[in-house]
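Here are a few exercises to work through with the sequence and the coordinates open side by side. Try each task before you read its solution.

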Amino acid sequence: MRMEGMSKPMALSHDIFPKVQPHIYTWINKYGKNFLYWYGVRAELVISELELAEEVLKNSEQAFPKRTPSIYGRKLLGNGLVFIEGEKWAKHRKLANYAFHGESLKNMTPAIIASVETMMKKWKGQEGKEIEVFHEFRWLTSEVISRTAFGSNYLEGEKIFDMLKKLSIILGRNVFKTKIPFINKIWKTADLLESEKLEEGIHDCVLEIVKKRENKFVSGEVDGFGNDFLGLLVNAFHHLNDKNMLSMEDLVDECKTFYFAGQETVNSYLLGLSCL
Ligand code: HEM
């Protein structure tokens with residue numbers, strides 16, 4: 001059903017549910033608002049009754065843990081905020097909250113305006129021509145997250161964005177493939193091999209950006225690691241107090257999470273707005 005839905009373009013309409021989740025749409029109509037289905041060897045309960053959904057999202061009894069990511073989900077976001085829980089989540093979340101609180105967001109405005117202006121200048125020369133808006137917004141959102149959270153620019157993060165995009169495409173085409181448990185230990189698919197290479201590549205590129213930030217401090221060019229998200233992460237990595245310390249793996253995974261979550265989401269959102 002999904003493959004059929006994706007194979008054809010749809011008319012401009014807000015009625016996207018039957019298009020993007022045709023299976024869920026069909027099953028709700030057939031089996032009712034709440035039903036059970038099998039995702040490979042795991043039973044999944046679909047809830048679309050509002051009161052029940054609210055109960056799950058509030059999670060007041062902490063009865064609903066986060067889902068275990070697929071092998072590709074883990075490669076994409078590692079042990080970043082999206083997948084971690086408990087004390088580790090609280091520690092990482094505190095850092096993110098600090099980097100993205102109201103005052104910090106205000107300070108990001110000039111960088112965001114400058115990025116939008118750069119894009120608009122490019123558009124000025126294109127009058128009468130078609131513009132590939134998705135591509136443009138991809139550049140814009142990558143530039144903004146690079147500048148505001150990582151103190152760099154799109155070009156510096158370009159390789160990371162490209163590899164994250166490739167990984168998310170692999171993840172997308174494997175979402176509904178059921179796997180034989182433990183088969184990966186003896187036989188790896190082409191997608192798995194490629195995703196391992198991409199994961200390694202992203203890891204190395206993020207490390208390079210971290211090292212650059214550290215070197216700036218060590219050479220005396222700046223007097224700290226900085227107050228942006230990357231600066232706070234690097235600072236936590238060097239923190240002597242064990243409770244606040246962040247491992248290099250955690251640092252890399254949070255960078256991946258924010259490069260991805262900060263770019264893909266807003267890119268799609270802007271595109272949605274531009275269609276209104
Ligand atoms: C229109 C834009 C966005 C939408 C629609 C969106 C949507 C969401 C949703 C639904 C979740 C919850 C996922 C879950 O718990 O399973 C989430 C979590 C998250 N988002 Fe976004 N997001 C957007 C923009 C951003 C941006 C710009 C960033 C980073 C700069 C970001 C970083 C994160 C992080 C780190 C989490 C995990 C938070 C946690 O568990 O503590 N998102 N987002």
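What follows is a set of tasks, each with a step-by-step solution.

**Ground rules**

This is a predicted model, where local features need pLDDT of at least 70, side-chain atom pairs count only at pLDDT 80 or more, and totals for chains, interfaces and linings use all residues. Residues are numbered from 1 along each chain as its sequence is written, and side-chain values use heavy atoms, with hydrogens and water left out.

**Exercise 1. Find where confidence in the protein chain is lowest and where it is highest.**

Step 1: Start with the average. The mean pLDDT (the predictor's confidence in each residue, from 0 to 100) is 91 for the protein chain, and 98% of its residues reach 70 or more.

Step 2: Go element by element. Helix α10 (residues 183-186) sits at the bottom with a mean of 78, while helix α3 (residues 22-31) tops the list at 96.

Step 3: Keep a rule of thumb handy. Where pLDDT is low, predicted coordinates shouldn't be read in detail.

**Exercise 2. Describe the overall build of the protein chain: how many helices and strands are there?**

Step 1: Count elements. There are 13 helices and 2 strands; these are DSSP runs numbered from the N terminus, with helices being H or I of at least four residues and strands E of at least two.

Step 2: Get the dimensions. Along the principal axes, the C-alpha atoms fill a box of roughly 65 × 55 × 45 Å.

Step 3: Check burial. Of the 276 residues, 33% are buried (under 20% relative accessible area; exposed is over 50% and partly exposed in between, with a 1.4 Å probe and protein chains only).

Step 4: Look at contacts (heavy atoms within 4.5 Å). Among those with a separation of 6 or more, 56% join residues 24 or more positions apart.

**Exercise 3. N59 has a positive phi, and so does Q62. Is N59 buried or exposed, and is Q62 buried or exposed?**

Step 1: Place N59. It's in the loop between α4 (50-58) and α5 (71-77), with phi at about 45 degrees although it isn't a glycine.

Step 2: Place Q62. This residue also lies in the loop between α4 and α5, and its phi is about 55 degrees, again without being a glycine.

Step 3: Apply the burial cut-offs. N59 counts as buried because its relative accessibility is 16%, whereas Q62 counts as exposed because its value is 65%.

**Exercise 4. Work out what lines the largest pocket.**

Step 1: Get the volume. The largest pocket holds about 1,300 Å³ of space. On a 1 Å grid over the protein atoms alone, a pocket is an open set of points where a 1.4 Å probe fits, with protein on both sides within 12 Å along at least five of seven lines; lining residues have an atom within 4 Å of a point. Points are joined across faces, edges and corners, and the volume is the space filled by probe spheres set on them.

Step 2: List the lining. It has 41 residues, with Y39, R42, R67, S70 and K179 nearest the centre.

Step 3: Find the main contributor. α5 gives the most to this lining, with 5 residues.

Step 4: Trace the domains. At least three lining residues come from each of domain 1 (2-64) and domain 2 (72-275), with bounds from an automatic or database domain assignment.

**Exercise 5. Do likewise for the second largest pocket: which element gives the largest share of its lining?**

Step 1: The volume here is about 660 Å³.

Step 2: Of its 21 lining residues, M6, I16, V20, F134 and S268 are closest to the centre.

Step 3: α13 supplies the largest share, 5 residues.
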